[in-house]
Amino acid sequence: MRLHRNLCFAVIDGLHKIFNENEYADKVVQQLLKRDKRWGSRDRGFIAETTYEIVRYKRLYAEIAHVKEPFDRDNLWRMFAVWATLKGIRLPDWKYFSDTPTRKIKGRFDELSKIRKYSESIPDWMDDLGLKELGEKTWSKEICKQNEQAEVILRVNTLKTNKKDLKLKLQSESIETEFLPNYPSALKLIERANVFKTEAFKDGWFEVQDASSQLVADFLDVKPGMKVVDACAGAGGKTLHLASLMENKGQIIAMDVYESKLKKLKVRARRNGIHNVELKVLDSTKPIKKLYGKADRLLIDAPCSGLGVLRRNPDAKWKLQPEFIDNIKKVQTEVLEKYSKMVKPGGKMVYATCSILPSENQEQVDNFLTSEAGKDFKFVKDKRILAHQSGYDGFYMALLEKN
C-alpha cells in the first residue's frame, strides 16, 4: 500500500480533534469524508478505518511511540508511523517519518502484546472492572472482540418489504448482502458500503441496526393494537422495529429527555411509513404520571456504560470515567423505579442495556424485584449477549411481568 499525503493529513487532523478537542470519533470521521469530493470509496475507507484503528489502539501506539497526552502533531505522526509499521506499510520519505525506529517498534509491540491493558489498549480502571465483573477468561475474550471493527447489519422494514426482496433490490444497486440465521429481520453486508445513498434506504425499506439490538423489540412480545411505551427511545431504532412488529396498529409512545433525538425519530418514522408513534419529550414527570397503569408493554432501553458497543464507539474507552459508571447505575435504578409504574396489571416490560457488566444488568433487575417498586413484578426470562460469543454487540435484556 502506498501512503498519500492528503489522506494521511486528514487522519492526523481527525485524531487531533478526537484526542485533544474531545470530539466524537463518528462525527469527526463524517466531517473528514466530506473534505474532498474527488476521494473515491477506497480513499474514504482508508481515512475512516485508519482513524478508528488508531483511536482503538491509542494506548498501545502511544506507549510504543513513547508519547504522552496531550498529543502535538509530531506525536500523532509518531503514532501513525507505529500503525503503518505494524501493518507492514513502507513509510515514505517524508519529514514526519525521519528516524522512525522500525525494528524497535516491532520488538516493543511483541513485549506489550503480553499485557492485556496494552494489547487491548484500555485504561487500567476498565481492565480492573472487566476482570472483577466477568473474570479473566471471559473479559479477555470479550475485550479482544470489542476491538474488532463492527460489521454493517440492516433490519428489513416489514411494513414495506421483506428480506428476500430487499436483498434483490440492494443487489440491483451493487450491494451484496447475506441472511443471518436466528435473526429474522437481519441482512449483513458482505462488503462495507454507503447504504444511506441507496434507493432502498430512501424508500424506507431498511434501517441500519446491529443484530443484537434487533432482538430487543422481539423480546418485548408486542401484538398489533397494544399500547406500548418506549421510555428511553432516543433516535428510535427499537421504536421503529416495534412499530413494524405491531403492523402499524395500536399506539407507541416514544419518550426521551432529548427533543433533538425525537426529531430524528420523527423523520425516520415518516421514511419508514410508520404512523402509530406519538412523541413525548420528558421535560417533567407529567407524561409518565399520565400513563401510570396504562401500558400493555414497556421498553426501558436504559442509559448505560455502553461497554457492549465499543466496536462501533472505540473513543468511548477514553471518554468513559469510573465515576460515570457509578452514576449511571443510580440512574438505572431510578428509571426502573419511576417508569415501571406505567405498566398495567398483566402487562410486561423489558429492561435492556448495551452493557456487558452484570452490575448494570442482572444485579439491577434483582435489586428492582426486591424493592418496593418491583414487588408486583415477576421475572420471566433474560438474555445476556456477549460479542465474543455472538459476533455482534454486547447486550442484555430481561422480561418482567406485572401481576
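Author: Before we start, a polar contact here is a pair of N or O atoms within 3.5 Å, where one must be able to donate a hydrogen and the other to accept it. The model we're looking at is a predicted one.

Reader: Okay, then which backbone oxygen does the side chain of Asn361 reach at 3.2 Å?

Author: Start with the place: Asn361 sits in the loop between S9 and H18. Its side chain reaches two backbone oxygens, one of them that of Ser355, at 3.0 Å. At 3.2 Å, the side chain of Asn361 gets to the backbone oxygen of Leu357.

Reader: And is Asn361 buried or exposed?

Author: Look at its surroundings: leaving aside neighbours within four places in sequence, Asn361 is in contact with Tyr351, Thr353, Ser355, Ile356 and Tyr396. Buried means under 20% relative accessible area. With a relative accessible area of 2%, Asn361 is buried.

Reader: That loop leads into H18, so which residues of helix H18 are buried?

Author: Helix H18 spans residues 362–369. What covers its buried residues includes helix H17, strand S9, strand S10 and strand S11. The buried ones cover an arc of only 100° around the axis, so they are on the same side of H18. They are Gln364, Val365 and Phe368.

Reader: At which residue does UniProt place the feature "active site"?

Author: The residue to find is in the loop between S9 and H18. Not counting residues up to four places away in sequence, it touches Cys304, Gly306, Leu307, Gly308, Val309, Gly394 and Phe395. The UniProt record, an unreviewed entry, puts "active site" at Cys354.

Reader: Which residues does UniProt list for "binding site"?

Author: This again comes from an unreviewed entry. One of the listed residues lies in the loop between S7 and helix H15, and another lies in strand S8. The record's list reads Asp256, Asp283 and Asp301.

Reader: Does Asp283 count as buried or exposed?

Author: Asp283 is the one in the loop between S7 and helix H15 (286–290). Exposed takes over 50% relative accessible area. Asp283 has 67% relative accessibility, so it counts as exposed.

Reader: What about Asp301: how long is the polar contact that joins its side chain to that of Lys238?

Author: Asp301 lies in strand S8 and is buried, with a relative accessible area of 18%. Not counting residues up to four places away in sequence, Asp301 touches Cys232, Lys238 and Ala352. The polar contact between the side chains of Asp301 and Lys238 is 2.8 Å.

Reader: How many of the residues of strand S8 are buried?

Author: Strand S8 covers residues 295–301. It pairs in the parallel sense with S5 over three bridges, and six bridges join it to S9, also in parallel. S8 is mostly covered, and the count of buried residues is seven of its seven.

Reader: Which residue in S9 is the bridge partner of Leu298?

Author: S8 and S9 run parallel and are joined by six bridges. Over in the pairing of S5 with S8, Asp230 has Leu299 as its partner. For Leu298, the bridge partner in S9 is Met349.

Reader: What handedness does the β-α-β unit of S6, helix H14 and S7 have?

Author: S6 (residues 251–256) and S7 (residues 277–281) pair in the parallel sense over five bridges. One bridge partner pair there is Ile253 with Glu278 in S7. Helix H14 (residues 259–272) completes the unit, and its handedness is right-handed.

Reader: How far apart in space are Ala387 and Ala211, C-alpha to C-alpha?

Author: Ala387 is found in helix H19 and is buried, with a relative accessible area of 0%. Among the residues Ala387 touches are Glu142 and Gln146. In sequence Ala387 and Ala211 are 176 residues apart, while in space the C-alpha to C-alpha distance is 11 Å.

Reader: One more: what relative accessibility does Gln146 have?

Author: Gln146 is in the loop between helix H9 and strand S1. Its contacts, leaving aside neighbours within four places in sequence, include Leu307, Arg311, Ala387 and Gly394. Gln146 counts as buried, and its relative accessibility is 1%.

Conventions
Residues numbered from 1 in each chain as written. Predicted model: local features only at pLDDT ≥ 70, side-chain atom pairs only at ≥ 80, totals over all residues. Heavy atoms only, no water. Pairing = 2+ DSSP bridges. Helix = DSSP H or I, 4+ residues; strand = E, 2+ residues; numbered from the N terminus. Right-handed = clockwise from strand over helix to strand, strands pointing away. Buried < 20%, exposed > 50% of the residue type's maximum accessible area, 1.4 Å probe, protein only. Arc of directions from axis to C-beta. Contact = heavy atoms within 4.5 Å. UniProt positions renumbered as here; feature names shortened; annotations may be inferred.
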